[in-house]
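Here is a short report on one protein chain. It takes up the cysteines, the core and a few of the sheets in turn.

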Amino acid sequence: MTVLKCQVSGRTLSLTKQIASSGEGTVWKTSYRGFLAKLYHERTPERFQKLRVMIAHPPQDPTLGQNHISLAWPKDLLESQQGEPMGFIMPEVGESVKLSTIYNPRLRSRKAPRFNWYYLHTAALNIASSMDAVHKEGYVVGDVKPQNILVNNQALVSIIDTDSFQVQDPHTREVFRCLVGSEGFTPSELLGKDLASVDQTEMHDRFRLGVIVFLLLFGDQPFKGKWIGRGESPQPTTLIEKGFWPYAPQSLIRPGPNTIPLSILHPQLQSCFHQCFTQGHGQPHLRPSADQWMTALQKAIASLKTCNLESNHHYSQSYGHCYWCDRSSRLGVDIFSPNPVIPKPAPKRRQQKKKKSPWATQPPSQANPALAAAYAQRMQQLQNMQIPNSGITRSILQMPLVQRTSWPPSISNSVLGVILCGFSFLGLGLLLAPELNPQTFSYWSKSLERAVDQWLISKLGTTFTGETLAQLPPSGQSTAAQTIVAPANGQKGHWDTITTLSISPDSSTLVSGSRDFTLKVWNLKTGQLLNTLSEHYEPVVSSHIMNDGQSLISSSISGKVLQWDLSTATLRRSFVNYTAMRPEGGIRTTVTDPKTRIMASSAWGGSILLYNLKTDKVTRIPSQLMASEQTMVLSPDAKSLVTSNSDGQIQQWNVQTGKLVRRLPNTEGWQSSELTSSIALGQQGKVLITGSWGGNIGLWNFQTGKLIKNFKAHEKMVASLAVSTDNQFLISGGEDQTIKIWSLKTGQLLKTLTDHQGSISTLAISPNNRWLVSGSSDRSIKVWNLKTGKLLRTLLNS
């Protein structure tokens with residue numbers, strides 16, 4: 001048994017068992033409980049001098065008070081009995097697995113089936129917290145890779161192999177470099193360089209951290225996708241070198257058909273990824289720091305919601321509905337299934353008694369104390385809920401579980417007989433399906449599915465399809481006037497949240513845009529789908545029919561702007577100069593004046609871009625504030641731009657110069673902490689209307705800046721606003737799934753419309769003031785009679 005001496009403490013220890021070996025050295029268990037020893041094969045003076053610096057200047061472990069080791073940091077040098085340096089000791093990490101086990105869906109389904117999206121967010125937060133601690137002490141991780149990050153069943157992480165970090169002696173300024181890097185984690189500016197001769201910086205680690213967070217949240221590398229360039233798809237290293245990831249402007253890779261879209265993330269996380277991989281490609285200093293990732297992840301975790309149908313599904317409230325249910329229904333695979341995939345036992349082997357997995361016992365923990373307290377509060381609320389005994393234990397993810405409807409429901413034998421007969425006929429129909437025309441069969445099968453779902457909802461309160469349950473109309477409310485329009489020519493409606501609506505000057509054509517990357521052109525009078533425009537490869541942010549009624553301007557989340565010929569449904573041009581501005585983090589919202597051809601966009605990074613579509617001139621208004629709460633509107637003369645921002649203020653800008661004109665001076669009666677979520681102008685620009693995250697609407701005298709009236713309009717956020725061209729009506733759409741029609745002159749509520757099953761994401765009023773069109777996170781578009789509030793038709797994903 002080998003006996004070694006700790007150089008600093010003077011203690012002796014014995015090596016008891018070798019547990020790992022590599023080209024660099026071996027790792028041993030020791031007689032010193034809770035500590036491992038690493039012995040080097042090559043024992044150079046530089047290596048031990050580096051270790052002395054690390055031992056003398058350790059970073060602060062963010063989970064020090066939680067009985068957990070986030071950083072397996074060297075604690076003492078080991079030397080032989082003759083005084084020869086041999087290696088070092090480090091703390092032993094408790095039971096945990098490699099990071100790949102939890103981000104890879106197949107491994108996760110076997111090893112940690114209840115490790116869901118909430119846990120993945122939390123693990124990402126804890127990695128960012130650990131790297132932030134490393135960077136604050138002046139170290140650079142360098143060789144960031146999943147093998148060097150372990151995670152336990154509380155989503156707490158441990159970074160190992162810390163002796164490979166880049167270290168600088170604070171006294172002599174000597175740099176001990178990180179000599180290795182991993183493919184897929186090396187930023188473009190370091191590719192092809194000899195790392196032994198490069199002093200790395202935190203900016204390089206920022207790229208690596210972005211890749212790790214992406215791996216956790218999406219289960220794959222960010223630099224992957226459908227190659228749309230010539231020839232064979234390049235190697236990942238070449239894609240990184242070129243800055244080609246699926247959501248970058250001018251990228252030659254696009255999201256594949258089964259790619260998890262970036263749009264399902266909290267907006268601030270979307271912004272961080274754009275800053276890291278798009279803006280940060282050419283300007284590394286723009287990449288988010290570990291601290292910025294922490295802030296974004298904290299907001300994202302706070303906004304996660306538990307699915308009503310599957311408690312192991314969590315989704316961002318900003319997305320509006322459960323993406324994982326949609327994906328499971330579409331692909332037949334649930335990557336967050338709570339039921340583990342258990343491999344068949346190997347033949348002729350004795351079955352061992354199955355141990356209870358530690359991956360089914362502990363709630364998640366965050367390095368951030370405030371988040372831990374918030375989680376504890378949520379758990380206390382859960383303890384007061386009655387959860388039916390479904391035979392499934394509250395395993396690893398004792399996350400916000402929802403009350404489940406017991407299944408099967410209490411039903412009579414006669415009703416059960418009708419159900420079984422119905423499904424017998426359905427099976428017979430499926431047997432005959434190959435004899436039918438494919439398009440006809442597809443249409444009728446989906447119609448039958450909807451009919452069955454509606455019947456099941458009415459009788460049982462649930463469906464067999466896994467779709468989110470639609471709310472039944474209130475008692476006495478008829479839906480007979482509602483016309484469901486099946487898209488023509490076998491084309492489908494939108495399958496994701498509606499983000500934008502635009503109506504032609506003659507009130508005959510409607511254009512809708514969605515997070516599903518497409519624009520749809522509809523006949524507004526009949527509801528017929530005329531064309532689908534699909535040149536965007538990311539969520540569509542805006543669409544504006546220009547005043548000639550023949551052209552359309554659209555923009556997507558990265559800032560890419562396209563101009564279309566509506567009559568032929570063809571792309572005219574792409575505004576290259578606009579995307580060359582590289583809006584930091586992509587675009588949140590865009591407004592356009594069709595007469596003057598002025599476009600204004602809000603970038604997630606906080607700046608505002610003013611673009612003259614006639615001259616191609618771009619003016620940037622910089623900002624130090626993230627635009628996660630920013631909304632905007634152009635004045636009728638297109639000379640002024642009014643915006644809100646994350647500090648709660650409302651600002652007016654000169655469109656020609658980009659200069660700040662004023663801030664609204666009077667905020668009495670208006671809670672500035674209640675951030676503005678939507679904004680509009682009425683009465684030829686004389687009245688400013690603002691909607692808040694708390695559900696309030698404010699009416700302002702735009703000339704004087706005085707608040708005229710402030711009133712409660714919705715139970716939740718005011719998500720959208722619209723004003724009729726005759727200035728009679730103000731329309732508000734809420735996150736509470738309602739649309740309200742107000743008198744703009746008096747502020748009186750005239751009508752409440754309640755047919756949507758999701759947040760009202762966008763509104764449009766026809767120029768002739770006959771029709772109101774609404775779009776929602778429920779993926780439907782509804783056309784209403786503006787004056788009577790009668791629902792005329794619904795344009796659905798059929």
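## Cysteines without a bond

Cys-307 is buried, with a relative accessible area of 2%. This is a predicted model. Which cysteine sulfur is closest to that of Cys-307? It belongs to Cys-325, and the two sulfurs are 3.6 Å apart, too far for a bond. A disulfide needs sulfur atoms within 2.5 Å. By this rule the chain has zero disulfides. Cys-6 also counts as buried, because its relative accessibility is 0%.

## The chain as a whole

The protein chain has 798 residues, and 53% of them are buried. Its secondary structure consists of 13 helices and 44 strands. Among contacts between residues at least 6 apart in sequence, 53% join residues at least 24 apart. The accessible surface is about 36,300 Å². Carbon and sulfur atoms account for 50% of that surface.

## The largest nonpolar core

In soluble globular proteins, nonpolar side chains tend to be buried together. Here the largest nonpolar core holds 86 residues. Leu-216 and Phe-273 have the most contacts inside it. Helix H4 (residues 117–136) supplies the largest share of this core, with 11 residues.

What does Leu-216 touch, leaving aside its neighbours within four places in sequence? Its contacts are Leu-99, Ile-102, Tyr-103, Leu-120, Ala-123, Ala-124 and Ile-127.

## Two open sheets

Strands of a sheet pair through backbone hydrogen bonds, either parallel or antiparallel. One open sheet has four strands in the order E21-E22-E23-E24, with antiparallel pairing. Strand E21 (540–545) and strand E24 (570–574) are at the edges; each has a single partner strand, so one side of each has no neighbour in the sheet. From one strand to the next, the twist averages 25°. Within this sheet, Ser-542 has Ser-555 in E22 as its bridge partner.

Another open sheet also has four strands, ordered E29-E30-E31-E32, and its pairing is antiparallel. Its edges are strand E29 (632–634) and strand E32 (660–663), each with a single partner strand, so one side of each lacks a neighbour in the sheet. Here the twist averages 20° from one strand to the next. Val-633 stands opposite Val-642 in E30.

## An enclosed strand

Is strand E34 (residues 687–692) enclosed or open? Six of its six residues are buried, so E34 is largely enclosed by the rest of the structure. In a regular strand the side chains alternate between the two faces of the sheet. Both faces of E34 are covered. Val-687, Ile-689 and Gly-691 are buried on one side. Leu-688, Thr-690 and Ser-692 are buried on the other.

E34 pairs with E33 and with E35, and each pair forms a hairpin. In the hairpin of E33 and E34, four residues lie between the strands, and Gln-683 in the turn has a positive phi of about 50°. The hairpin of E34 and E35 has three residues between its strands, and Gly-695 takes a positive phi near 100°. Leu-681 has Leu-688 in E34 as its bridge partner. Ile-689 is partnered by Leu-699 in E35.

The pairings described above compare as follows.

| Strand pair | Residues of the named strand | Bridges | Sense |
|---|---|---|---|
| E21 and E22 | E22: residues 551–556 | five bridges | antiparallel |
| E29 and E30 | E30: residues 640–644 | three bridges | antiparallel |
| E33 and E34 | E33: residues 676–682 | six bridges | antiparallel |
| E34 and E35 | E35: residues 696–701 | five bridges | antiparallel |

Terms used: Residues are numbered from 1 along each chain as its sequence is written. This is a predicted model: local features need pLDDT of at least 70, side-chain atom pairs count only at pLDDT 80 or more; totals for chains, interfaces and linings use all residues. Side-chain values use heavy atoms; hydrogens and water are left out. Helices (H or I, at least four residues) and strands (E, at least two) are DSSP runs, numbered from the N terminus. Buried means under 20% relative accessible area, exposed over 50%, partly exposed in between (1.4 Å probe, protein chains only). Contact means heavy atoms within 4.5 Å. Accessible areas come from the Shrake-Rupley method with a 1.4 Å probe; for residues, only the protein chains shown count as cover. A nonpolar core is a set of buried Ala, Val, Leu, Ile, Met, Phe, Trp, Tyr and Cys residues joined through side-chain atoms within 4.5 Å. Two strands pair if DSSP finds at least two bridges between them. Axes are lines fitted to C-alpha atoms, for helices over the stretch in contact, and angles run from 0 to 180 degrees between N-to-C directions.
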